[in-house]
Amino acid sequence: MKRIVVMLSLAMALMITGCAKTQTKELEKKVIRFATNGPHIDMFEEAKIQIEENTDYTVEITTFDDVVQPNVAVVEGSADCNFFQHKPYLESYVKEYDADLTPWGGKPVYALEFGIYSEKVKSIGELREGAQIVFGRDPSNKAIALRFLEEQGLIKLKEGVELPELVDIVDNPKNLKLTEMDISAVAKSLEDPEVDAIVVMGMSLARQGKDPSTAIAFGSDELISNFVMVIAVKEENKDAEWGQVVYDALTSQRLLDYYEEHYKGTIRPIKN
């Protein structure tokens, strides 16, 4: 009888030890908290699968409806990182709000294709006198739109301005009507009969079910290289180990295949 009691005690001890190890393993399992906005949620869902299938990390995703709250979430600590913005937008946000944010590892994930799109004309030369051209009102998207228009010979900007505004236009030979609006509404405005053309990321057009390859002009390599997507983190996490996990997922073959299938022709992969 005494032997049976001892054996039962040992069995229970082993069971408890096993449970403790399982619980410890669960406690040690790491969580990466993503913040993004609606248009990028599908990418994050793919990245989540990639991470959870290939690492010991789990992923939590919080989605917002604008381009401000994902940054607020990282600054306030409810998210570890976000991925939805290009580097100039992040830089302008940091400058405006004195925010503790920086690109993880200093590494771009990919470059965004920008285009001038129109349903009224087939080329830049066909734009009429006084044509209305729409683009994003935030500093970074406005800057790329104005530089793009200058690149196409439609306007001339004051030299030496980092993020040009409308007031920095020194020549507008066709008297173009340049209209700013929320970046989320630009692609949709292509359907407005009053709008002659828009300047926008090809990805935004793809999300409206339109073909991003139909631009009447694309940005040069030099222009596009300045607008790369980055993973934003707090300064203290700029070299965090888990940041590499996020970066590897977003640049994995799974994600590259996803980009190609859903956003064909809208991004340029980058080799670091």
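# A tour from G130 to the largest pocket

Select G130 to begin: with a relative accessible area of 26%, this glycine is partly exposed, since that value falls between the limits of 20% for buried and 50% for exposed. The model on screen is a predicted one. G130 sits in the loop that runs between β5 (114-117) and β6 (132-136). Now add the residues that G130 touches beyond four places in sequence: K174, N175, L176 and K177. For a distance check, draw a line from the C-alpha of G130 to the C-alpha of D196; the separation is 9.6 Å, with the two positions 66 residues apart along the chain.

**Two positive phi angles outside glycine**

Stay with N175, one of the contacts of G130. N175 belongs to the loop between β8 (169-171) and β9 (177-181). Its backbone deserves a look: N175 is not a glycine, yet its phi is positive, about 50°. Most residues other than glycine have a negative phi.

Where else does a residue that is not a glycine have a positive phi of about 50°? Select D98. D98 lies in the loop between α4 and β4. At a relative accessibility of 71%, D98 is exposed, because the value is over 50%.

**The whole chain**

Zoom out and colour by secondary structure. The protein has ten helices and 13 strands. Its 272 residues include 45% that count as buried. The accessible surface is about 14400 Å², and carbon and sulfur atoms account for 52% of that surface. Of the contacts between residues at least 6 apart in sequence, 75% join residues at least 24 apart.

Next, colour by pLDDT. The average for the protein is 86, and 88% of the residues score at least 70. Select residues 4-27: there pLDDT stays under 50, and the model has zero contacts for this stretch beyond four places in sequence.

**Strand β12 and M229**

Go to strand β12 and pick M229. Is M229 buried or exposed? Its relative accessibility is 2%, so M229 is buried. Show the residues in contact with M229 beyond four places in sequence: H40, F83, F84, Q85, H86, P108, V109, Y110 and L112. From that set, choose H86 and measure C-alpha to C-alpha; M229 and H86 are 4.0 Å apart in space and 143 residues apart in sequence.

**Helix α3**

β12 (228-233) is also one of the elements against which the buried residues of α3 pack. Select helix α3, residues 69-76; its buried residues are P70, N71, V72, A73 and V74. Besides β12, their packing partners are β1 (31-37), β2 (58-64), β3 and α4. Step past the end of the helix to G77, which follows α3 and has a positive phi near 95°.

**Helix α10**

Now select residues 253-262, helix α10, where L255, Y258 and Y259 are buried. Turn the view to look down the axis of α10: the buried residues fall within an arc of 100°, so they line one face of the helix. The face turned away from this buried side carries Q253 and E261, both exposed. What do the buried residues of α10 pack against? Display α2 (41-54), β4 (102-112), α9 (241-250) and β13 (267-269).

While on α10, pick R254. R254 counts as partly exposed, with a relative accessibility of 31%. Beyond four places in sequence, R254 is in contact with E46, I49, Q50 and E53. The C-alpha of I49 is 9.6 Å from the C-alpha of R254, although the two residues are 205 apart along the chain.

**The largest pocket**

For the last stop, show the surface. Rolling a probe the size of a water molecule over the atoms shows where empty space is left. The largest pocket holds about 690 Å³ of space. Which of its 33 lining residues lie nearest the centre? Select N37, V67, D182, I183 and S184. Then highlight the elements that give two or more residues to the lining: β3 (81-86), α4 (87-97), α5 (139-151), α6 (183-186) and α7 (202-207). The largest share is that of α4, which supplies five residues. Two of the elements in this lining, β3 and α4, were met earlier as packing partners of the buried residues of α3.

Definitions and conventions: Residues are numbered from 1 along each chain as its sequence is written. This is a predicted model: local features need pLDDT of at least 70, side-chain atom pairs count only at pLDDT 80 or more; totals for chains, interfaces and linings use all residues. Side-chain values use heavy atoms; hydrogens and water are left out. Helices (H or I, at least four residues) and strands (E, at least two) are DSSP runs, numbered from the N terminus. Buried means under 20% relative accessible area, exposed over 50%, partly exposed in between (1.4 Å probe, protein chains only). Contact means heavy atoms within 4.5 Å. Accessible areas come from the Shrake-Rupley method with a 1.4 Å probe; for residues, only the protein chains shown count as cover. The arc is that of the directions from the helix axis to the C-beta atoms. pLDDT is the predictor's confidence in each residue, from 0 to 100. On a 1 Å grid over the protein atoms alone, a cavity is a set of points where a 1.4 Å probe fits but cannot get out, and a pocket is an open set with protein on both sides within 12 Å along at least five of seven lines; lining residues have an atom within 4 Å of a point. Grid points are joined across faces, edges and corners, and a volume is the space filled by probe spheres set on the points.
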